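Student: I've got a fold to look at and I'm not sure where to start. Could you walk me through it?

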Amino acid sequence: MAVGVELDCSRYPLVVMRAGERYTQDDWDVLMRGMIQLIIKGPFGLINDTRGSRMPNAVQRRAIAQMYVDHERQTRAHLLASGIVGDSSLVNGILTALNWLKPPPHPVKVFSSVNDAERWVLQHFSLDLRRQALAQGVQRSVG
């Protein structure tokens, strides 16, 4: 992905976020609205694939922090875990951004592969949610 931001919910409750190297502020705003909708909707886990993406700017980092402040109760209840995939310098920057003002109210771990991140995120799911996400993955690969 060279541009934009994608919030892939095709395997909900396992959600994958990917950002291109040239996403706009409008792309970011759409992403934040999508994240808030997910947080309100119910339990899910996030894989944040940052490979090839640039670091969020100060305005975007503030939007993340504000999302946590405005939706703290729902985030604690509904965002089960976030696995971040990327290169070390970018990942360190994103973790710094996530911890800016206030640490995230959910488990966060860094990975070098999407598969490793997925396995870890799924460990934070109930058995029913794990089955649902895995079934969605099978349907997607067959369909």
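Below, we go through the sheet, the helices and the core in questions and answers.

Student: Before anything else, what kind of model is this, and in what order do the strands of the sheet come?

Tutor: This is a predicted model, so keep that in mind as we go. The sheet is open, has 5 strands and mixes its pairing. Reading across, the order is β1-β2-β3-β4-β5.

Student: Why is one side of β1 and of β5 left without a neighbour in the sheet?

Tutor: Look at the edges, because that's where β1 (5-11) and β5 stand. Each has a single partner strand, so one side stays without a neighbour. The reason, then, is their place at the edges.

Student: How many bridges join β3 to β4, and which residue stands opposite L46?

Tutor: β3 covers residues 44-49 and runs parallel to β4. The two are joined by 6 bridges. Find L46 and look across into β4, and you land on S82.

Student: And on the other side of β4, which residue of β5 stands opposite I84?

Tutor: β4 pairs with β5 (residues 108-111) in the parallel sense, over 4 bridges. Opposite I84, in β5, you'll find V110.

Student: How many residues of β4 are buried?

Tutor: β4 spans residues 79-85 and is mostly covered. Counting as buried means under 20% relative accessible area. For this strand the count is 7 of 7.

Student: Which residue in β3 is the bridge partner of R18?

Tutor: Start with β2 (residues 14-19), which runs parallel to β3 and is joined to it by 5 bridges. The β3 partner of R18 is D49.

Student: Which strands does helix α1 touch, and what angle does its direction make with β1?

Tutor: α1 is residues 25-41, and it packs on the sheet. It touches β1, β2 and β3. Its direction and that of β1 make an angle of about 30°.

Student: Are α1 and α2 roughly parallel or roughly antiparallel?

Tutor: Their axes come within 11 Å and cross at roughly 10°. Angles under 35 degrees count as roughly parallel. The two helices are therefore roughly parallel to each other.

Student: What classes of residue make the contact of α1 with α2?

Tutor: On the α1 side you'll see W28, M32 and M35, among others, and on the α2 side A63, I64 and M67 are among them. By class, the contact has no charged residues, 2 polar and 9 nonpolar.

Student: Is V69 buried, exposed or partly exposed?

Tutor: V69 sits in helix α2. Its relative accessibility is 48%, and the partly exposed range lies between 20% and 50%. That's why V69 counts as partly exposed.

Student: Which element gives the most residues to the largest nonpolar core?

Tutor: That core has 17 residues, and V15, W28 and F44 are among those with the most contacts inside it. The elements giving two or more residues are β2, α1, β3 and α2. With 6 residues, the top contributor is α1.

Student: Where is P13, and is the peptide bond from Y12 to P13 cis or trans?

Tutor: P13 lies in the loop between β1 and β2. Both Y12 and P13 are among the residues in contact with F44. The bond from Y12 to P13 has omega near 20°, and it is cis.

Conventions:
Residues are numbered from 1 along each chain as its sequence is written. This is a predicted model: local features need pLDDT of at least 70, side-chain atom pairs count only at pLDDT 80 or more; totals for chains, interfaces and linings use all residues. Side-chain values use heavy atoms; hydrogens and water are left out. Buried means under 20% relative accessible area, exposed over 50%, partly exposed in between (1.4 Å probe, protein chains only). Two strands pair if DSSP finds at least two bridges between them. Contact means heavy atoms within 4.5 Å. Axes are lines fitted to C-alpha atoms, for helices over the stretch in contact, and angles run from 0 to 180 degrees between N-to-C directions. Angles under 35 degrees count as roughly parallel, over 145 as roughly antiparallel, 65 to 115 as roughly perpendicular and the rest as oblique. Ala, Val, Leu, Ile, Met, Phe, Trp, Tyr, Cys and Pro count as nonpolar, Asp, Glu, Lys and Arg as charged, and the others, Gly among them, as polar. A nonpolar core is a set of buried Ala, Val, Leu, Ile, Met, Phe, Trp, Tyr and Cys residues joined through side-chain atoms within 4.5 Å. Lists of a residue's contacts leave out its neighbours within four places in sequence.
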